[in-house]
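Colleague: I would like to take a close look at a single part of this model, and I would be glad of an answer that a first-year student could follow from step to step.

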Amino acid sequence: MLKTVIFVVFVLIIALVGGAGSAWLALESTRSIGSVEIGPWVTFPNQGTRKADPYSRARSRRLGQLSLGQAEGVVLVAAADSDGRPLLRQCTYRIQGELPPTRFFTLHAVDDNRTILSAPARFLSALHSQDLLWRDGQTLGMIVSPHPQPDNWMAIAGTGSMQLVLTLVDTPISTGARVGETSLPVISRVGCDA
């Protein structure tokens, strides 16, 4: 009898730990159920729609996010550069490439808890499309760095990991199944502080 009770308790512990662990992994990971990867960028195209899976809904509520509707836009998050290395606040990154057609976009950095990172005093901690320098005939280029840079520079401060959040507002890729077919800017590590 005691052997059966111990076996049942053991099975229940395994079930609880396994279930809680898999749910935590699905909610914490930027790449999980329902996600679409475009290079280093990850998005959940059904987030904010009726088709959203339960994990996407739970992730939004846990993070306190107000999800964009499918016709409003798409949010893309990068936790690594295009070579697969984690993004670090003490490093400089060049974001270069074509963006899909969009009425407006923003770029900002967050920590692992999705809290917006602050910038050194008097500098911008976010960029938006109407505040950038656009060069005729060239693709968009932005620099994310703790040190001042020419052109389109987004300042970051501190050390540790970070994520970049690119929000495209009123873009045709947010509707339909074309999200995975588009190309997005490449994130290249330029260098890091020692």
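What follows is a request about one sheet and a connected reply.

Colleague: Could you take me through the open sheet: in what order do its strands lie, which strands are at the edges, and which residues stand opposite each other where strand 3 meets strand 2 and strand 9?

Modeller: Before we begin, please keep in mind that this is a predicted model, and that the sheet is one part of a protein with two helices and ten strands. Read from the N terminus, the elements run α-β-β-α-β-β-β-β-β-β-β-β. Six of the strands form the open sheet, in the order 1-2-3-9-5-6, and their pairing is antiparallel. The edges are taken by strand 1, residues 36-38, and by strand 6, residues 126-128, each of which pairs on one side only. From one strand to the next, the twist averages 20°. As a general point, the strands of a sheet pair through backbone hydrogen bonds, and they may do so in a parallel or an antiparallel way.

Let us now turn to strand 3, which covers residues 73-78 and is mostly covered itself, since five of its six residues are buried; buried here stands for under 20% relative accessible area. For the protein as a whole, buried residues make up 37% of the 194 residues. On one side, strand 3 pairs with strand 2, residues 41-43, over three bridges in the antiparallel sense, and here T43 stands opposite L76 of strand 3. Strand 3 also pairs with strand 9, residues 163-169, again in the antiparallel sense but over six bridges, and in this pairing V74 stands opposite L168 of strand 9.

Further along the order of the sheet we come to strand 5, residues 104-110, which is joined to strand 6 by three bridges, with the two strands running antiparallel. In this pair, L107 stands opposite L127 of strand 6, and strand 6 is one of the two edge strands already described.

To place the sheet in its setting, consider the contacts of the whole protein: among those with a separation of 6 or more, 71% are between residues 24 or more positions apart. The C-alpha atoms fill a box of roughly 80 × 45 × 30 Å along the principal axes, and the accessible surface comes to about 11200 Å², with 59% of it belonging to carbon and sulfur atoms.

Definitions and conventions: Residues are numbered from 1 along each chain as its sequence is written. This is a predicted model: local features need pLDDT of at least 70, side-chain atom pairs count only at pLDDT 80 or more; totals for chains, interfaces and linings use all residues. Side-chain values use heavy atoms; hydrogens and water are left out. Two strands pair if DSSP finds at least two bridges between them. Helices (H or I, at least four residues) and strands (E, at least two) are DSSP runs, numbered from the N terminus. Axes are lines fitted to C-alpha atoms, for helices over the stretch in contact, and angles run from 0 to 180 degrees between N-to-C directions. Buried means under 20% relative accessible area, exposed over 50%, partly exposed in between (1.4 Å probe, protein chains only). Contact means heavy atoms within 4.5 Å. Accessible areas come from the Shrake-Rupley method with a 1.4 Å probe; for residues, only the protein chains shown count as cover.
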